[in-house]
Amino acid sequence: MQEELIFFTNDYFKLLQILKREERVVNNTAFSPLLYKEIAEQMNCSRQTVGKYIQILKEHEYVIPLTRGRLQLTQKSYDVLERLQSEV
């Protein structure tokens, strides 16, 4: 778990925080409705950079892509966020 914490003490952690903060629930499904452009504005980076970060999060099973670019956080994400927020 320590390696996972080191992995998220950067923009990945910031991205997960944004996705969690903007999360909505529709039909018992939680997801973030933000566009990559909106995330990029909040992170002060490019849309392409956000796309790269999200691809890495998908590969490591921290987010699940839904329809129309919506992203769903996995339990793994919630666990990391909770642990980091309690230690940060």
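## Close-ups of a predicted five-helix, four-strand model

The protein exposes about 5600 Å², and carbon and sulfur atoms supply 47% of that area. Everything in these panels comes from a predicted model.

**Panel A. The whole chain, end to end.** Five helices and four strands make up the protein. Walk along the sequence and you get the pattern α-α-β-β-α-α-β-β-α. Of its 88 residues, 34% count as buried. If you take the contacts with a separation of 6 or more, 52% of them come from residues 24 or more positions apart.

**Panel B. Inside the largest nonpolar core.** This core has 21 residues, and Leu-15, Leu-19, Ile-39, Met-43, Ile-54, Leu-57 and Val-63 are the ones with the most contacts inside it. At least two residues each come from α2 (11–21), α3 (36–43), α4 (47–59), β4 (71–73) and α5 (75–87). Helix α2 gives the most, with six residues. As a bit of background, nonpolar side chains tend to be buried together in soluble globular proteins.

**Panel C. Helix α4 and its two faces.** With 13 residues, α4 reaches 18 Å from its first C-alpha to its last, close to the 18 Å expected at 1.5 Å a residue. Val-50, Tyr-53, Ile-54 and Leu-57 are its buried residues. Look down the helix axis and these buried residues fall within an arc of 100°, so they line one face of α4. They pack against α2, α3, β3 (63–65) and β4. Turned away from that buried side is a face carrying Gln-48, Lys-52 and Glu-59, which are exposed.

**Panel D. Ile-56, an in-between case on α4.** Ile-56 also sits in helix α4. Its relative accessibility is 25%, so it counts as partly exposed, a class that runs between the 20% limit for buried and the 50% limit for exposed. Ile-56 and Tyr-12 are 44 residues apart in sequence, yet their C-alpha atoms are 9.0 Å apart in space.

**Panel E. Leu-73 and its neighbours.** Leu-73 belongs to strand β4. Its relative accessibility is 7%, which puts it in the buried class because that class takes anything under 20%. Leaving aside residues up to four places away in sequence, Leu-73 touches Leu-16, Leu-19, Lys-20, Glu-23, Tyr-62, Val-63, Tyr-78 and Leu-81. Two of these contacts, Leu-19 and Val-63, also turn up in the list of residues with the most contacts inside the largest nonpolar core. Phe-31 is 42 residues from Leu-73 in sequence, with a C-alpha to C-alpha distance of 6.9 Å.

**Panel F. Glu-61, just past α4.** Helix α4 is followed by Glu-61, which lies in the loop between α4 and β3. Glu-61 has a positive phi of about 60° although it is not a glycine. With a relative accessible area of 55%, Glu-61 is exposed.

**Panel G. Asn-27, in the loop between β1 and β2.** The strands on either side of this loop are β1 (24–26) and β2 (29–31). Asn-27 is another non-glycine residue with a positive phi, here about 50°. Its relative accessible area is 71%, so Asn-27 counts as exposed.

Technical notes:
Residues numbered from 1 in each chain as written. Predicted model: local features only at pLDDT ≥ 70, side-chain atom pairs only at ≥ 80, totals over all residues. Heavy atoms only, no water. Core = buried A, V, L, I, M, F, W, Y, C linked by side-chain atoms within 4.5 Å. Buried < 20%, exposed > 50% of the residue type's maximum accessible area, 1.4 Å probe, protein only. Expected span 1.5 Å × (residues − 1). Arc of directions from axis to C-beta. Contact = heavy atoms within 4.5 Å. Areas by Shrake-Rupley, 256 points an atom, 1.4 Å probe, with all protein chains shown as cover.
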